[in-house]
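Subject: Structure for your files, with notes

Hello,

Here is the structure I said I would pass on. My notes follow below it, grouped by region.

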Amino acid sequence: MQTSSDDVPPLLRMTGISKSFPGVKALENVDFAVGTGEIHAFLGENGAGKSTLLKILSGAQAPDSGTIALDGKPVVFATPQEAQRSGIVTIYQEFTLAPDMSIAENVFVGRELGSRFFVSHRQMEEETRKLSKRIGLDRGPATRVRDMAVAEQQMVEIARALSMKSRIIVMDEPTSALSRSEVEKLYAIIRALKADGISTIFVTHRLDEVFEICDSFTVLRDGHHVGQGRVADTSIEGIIRMMVGRDVGLLAHRQDSSATAEVALEVRNLTRRRKATDASAIELHDVSFSVHKGEILGIAGLVGAGRTESARAIFGADRLDSGEVLVGGRAVAIASPADAIAHGIGLVPEDRKQQALFLGLAIRTNLSMAAHDRITGWGSFINVRREKDLVEDYRRKLNIRMTSDEQLVGNLSGGNQQKVVLARWLALRPGVLIVDEPTRGIDVGAKVEVHNLLIEMAREGIAIIVISSELPEILALADRIVTMREGRVTGNVPGPGATQEQLMTLMTLSKPKAA
Amino acid sequence: MSTTGLPPSTRDTSFDAFGFIARFAPLIFLLVLMAIFAIMEPRFLSSINLFNVMRQVSITGLLAIGMTFVILTAGIDLSVGSLLAFAGLVAAAVAKGGMQDRFTVGDDAVGYGWPLAALAAIIVGLIGGYLQGFSITRLKVPPFVVTLGGMSVFRGAALLFAAGGPISGFDKAFTWWGQGKIGPVPVPVIIFLVAAAIAHVVLRYMRFGRRVYAVGGNPEAARLSGLNVNAIICSVYVIMGFFAGLGAFVLSARLNSAEAVAGTGYELTVIASVVIGGTSLFGGVGTIFGTVIGTILIGVLLNGLVLMNVSSYIQQIIIGVIIVLAVAFDTFAKSRRKRG
């Protein structure tokens, strides 16, 4: 521990933190320490346990075991308010500002200055003016937050943190919505805070930023502490190795590919803005790739890189600003999921429960929902016999474990729910199937089954696009891998022979070495 | 979570007592209520009184069938009573061949006959329902607001159309639909039960019905399954309008009169019937069978209270309390479902 060389205890030390949720060990015996005035990078893949640790630090969750010490004195935070009183303030990626209130009102919300019953706007605006000056926010304290740019709103959050006399400011991906010049400005603020002895915990997926601004780092992987040290003593390669170096023994690489030469789906220059009027809020930027019949194409990227956004745009779930989708070589117009389905494209969305399943309805109803044409008899009556046969057919093929087809889908395990969603699309006999996070939240055994199913489907000639945050999954399945970062395609590499390190580099660096 | 060796479905076979009670709660409640009334007031169980109850609930029952479709999509329609009044007046005017001769009573009324009158009422209902469905799906105004507006618009239209006075006195063929009997069974009761049977089949066995449940249960998943969510939502308001028109015709026939204040307060009774019958205001859960039971339950409650000489003011208080309790029960059941 870098600060233990002298005998002063670090500003913050978390020791042996463990936390479990039903069925998941989120953190296991994790240590974490930050010194006074230190800028500390907190790193790890999605799901590594970062947010859980930060929630414990900010008092939003209690650890199952472990201790937290500030200045060497043990502390317990039962609520976020207690953590804030001790000087630990978190700025979340989604700001918590009230857009129609002024800067001053936001800074002091819940802690209004004034007498016992009356709020003193004059006093709050005076204090806000001082704080704004300190961080270089060039706006009057009465300015409405809604009228400010994202970077300025972030400064309001920082001003609020300072007004709480904070000693540690946790910033969760603070640069994700900022332009390059705004990032520089944020760095300047963070350095100024450092000069005042305020520490920053900096959560980011952009590894180059770690080397630009941070003094030290901690890496989590799968809920374990896997490394820490001074940034000056390490390299990007070293950090990437720590982030991905997990046991991949469970996932066998595919033996043989079923890819053909025939292109099933091609997309060209897909571009989409988050808001139609805001050119800077680009979600997708000239995304182009193709997938062949019988091929499994993996799309790798961090959350927000544009993987899910691409899938939803191809499927007609979100509007595209420009770009072309070609099915079997012909350009098609897709304005809704119904259009996409008509062109033989299916989508298994990333959030099963919110986006795919009708939890209060039976398995049978859920499974056949997109394939009514196959089971509708005379006069648009559902032919229950045919529907039951369909369900039975896929129950056997996909090994769905259920008591009867009348069982509520909400009562199935995650793996079996996912199989029901897969069956829904298979029943449509799609030409292209996009699966977004196909194994999220399902147990290891079911995971292997889903993987084998995807391989089997490809063998039957379906073009499959697999989107996953788990690199081993992508590497085990994909014939070819497209990497994305910040809405752009940053790489297109053959699956066999690709390594996690290579992909992680393409996914995280602003200027990848290979393109 | 390594339960791969053990089928996770095994735990689902255990008997869910809560689920069982939740499912049959309306029926159990109805039987208990009838038993109480029968003990306190023996006249209650006479067949004349029971048919009377059924005849009284048949109009709100027709509306409740339409309302079941609407609430299954997590919508609401507050305009039913107003739309019913307007459609009833239009039907009456058609039956009388115009607005003159308002009060001619008996067989000598000259007009276009009941088939055209019924058709007119239904067309008014369909158009009113479509306009509201359009506003909800295309103008993106929440159903509560659209139909609150519709409640005022249709009532105003009815008052304007009637110029304040009722239209009364239809021929026998017209009034048969409200006052006639087949054997011992009043015609409105038959219309109600036949309509309920058809609605049941549509919801259970036709693809449209499946989609109504899907849209109510999870609109995002419905859209991503390729369903045209807007078309389905719009159509449930059209169906509601159809039943408002049909109900208007039957009510005019029963009262031998149509007036602009008809159906005032029906939205409360109708929504109460549907909700008490187990249809969730959150959408996606509910049955026509439940709605029929809920409708009868409200009718029995009111009838029993009348027989026991309870003031109509207190009846309103009781209905209001029951709605809130029914929704509280539903919210509780929903939290149970979520945990499952």
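Which residue in S20(A) is the bridge partner of Val482(A)? It is Asn492(A). Before going further, please keep in mind that this is a predicted model.

Strands of chain A

Val482(A) is a convenient place to start. On the S20(A) side it is bridged to Asn492(A), and it is also the bridge partner, in S19(A), of Ile299(A). The two strands S19(A), residues 480–485, and S20(A), residues 488–494, run antiparallel and are joined by 6 bridges. Together they make a hairpin with 2 residues between the strands.

One residue of that turn is Glu486(A), which has a positive phi of about 50° even though it is not a glycine. Glu486(A) lies in the loop between S19 and S20 of chain A. Is it buried or exposed? Neither quite applies: with a relative accessible area of 37%, Glu486(A) is partly exposed.

Ile299(A) belongs to strand S13(A), residues 296–300. S13(A) pairs with S19(A) in the parallel sense over 4 bridges. S13(A) also runs parallel to S18(A), residues 463–468, and 5 bridges join these two. In that pairing Leu297(A) stands opposite Ile465(A).

S13(A) is mostly covered, with 5 of its 5 residues buried. In a regular strand, side chains alternate between the two faces of the sheet. In S13(A), Ile296(A), Gly298(A) and Ala300(A) are on one side, Leu297(A) and Ile299(A) are on the other, and all are buried, so both faces are covered.

A residue of chain A in contact with chain B

Thr365(A) sits in helix H12 of chain A, residues 363–368. It counts as buried because its relative accessibility is 12%, and the cut-off for buried is under 20%. Leaving aside neighbours within four places in sequence, Thr365(A) is in contact with Glu387(A) and with Arg210(B).

Helix packing in chain B

H10(B), residues 229–255, packs against two helices described here, H6(B) and H8(B).

The axes of H6(B), residues 172–179, and H10(B) come within 6 Å and cross at roughly 105°. The two helices are therefore roughly perpendicular to each other. On the H6(B) side the residues in contact are Phe174(B), Thr175(B), Trp177(B), Gly178(B) and Gln179(B). They meet Phe249(B), Val250(B), Ser252(B), Ala253(B) and Arg254(B) in H10(B). By class, this contact has 5 nonpolar, 4 polar and 1 charged residues.

H8(B), residues 207–217, packs against H10(B) at an angle of about 105°, with the axes 10 Å apart. That makes H8(B) roughly perpendicular to H10(B). From H8(B), the contact uses Phe208(B), Arg211(B), Val212(B) and Val215(B). From H10(B), it uses Val229(B), Ile232(B), Ile233(B), Ser235(B), Val236(B) and Ile239(B). This contact has 8 nonpolar, 1 polar and 1 charged residues.

H11(B), residues 266–276, is mostly covered, with 10 of its 11 residues buried. Among the buried residues are Tyr266(B), Glu267(B), Thr269(B) and Ile276(B). After H11(B) comes Gly278(B), whose phi is positive, near 100°.

Two loop residues of chain B

Lys140(B) is in the loop between H4, residues 113–137, and H5, residues 143–162, of chain B. At a relative accessible area of 58%, Lys140(B) is exposed. Its side chain reaches the backbone oxygen of Thr137(B) at 3.0 Å. Apart from neighbours within four places in sequence, Lys140(B) is in contact with Ser135(B) and Asn230(B). Val212(B), one of the H8(B) residues that meet H10(B), is 72 residues from Lys140(B) along the chain, and their C-alpha atoms are separated by 19 Å.

Asn309(B) is in the loop between H12, residues 288–307, and H13, residues 312–339, of chain B. Asn309(B) is not a glycine, yet its phi is positive, at about 60°. Its relative accessible area is 70%, so Asn309(B) is exposed.

Regards

Notes:
Residues numbered from 1 in each chain as written. Chains lettered and ligands numbered in written order. Predicted model: local features only at pLDDT ≥ 70, side-chain atom pairs only at ≥ 80, totals over all residues. Heavy atoms only, no water. Buried < 20%, exposed > 50% of the residue type's maximum accessible area, 1.4 Å probe, protein only. Contact = heavy atoms within 4.5 Å. Polar contact = N/O pair within 3.5 Å; in protein donor to acceptor, adjacent residues only side chain to side chain. Axes fitted to C-alpha atoms, helices over the stretch in contact; angles between N-to-C directions. Parallel < 35°, antiparallel > 145°, perpendicular 65-115°, else oblique. Nonpolar A, V, L, I, M, F, W, Y, C, P; charged D, E, K, R; others polar. Pairing = 2+ DSSP bridges.
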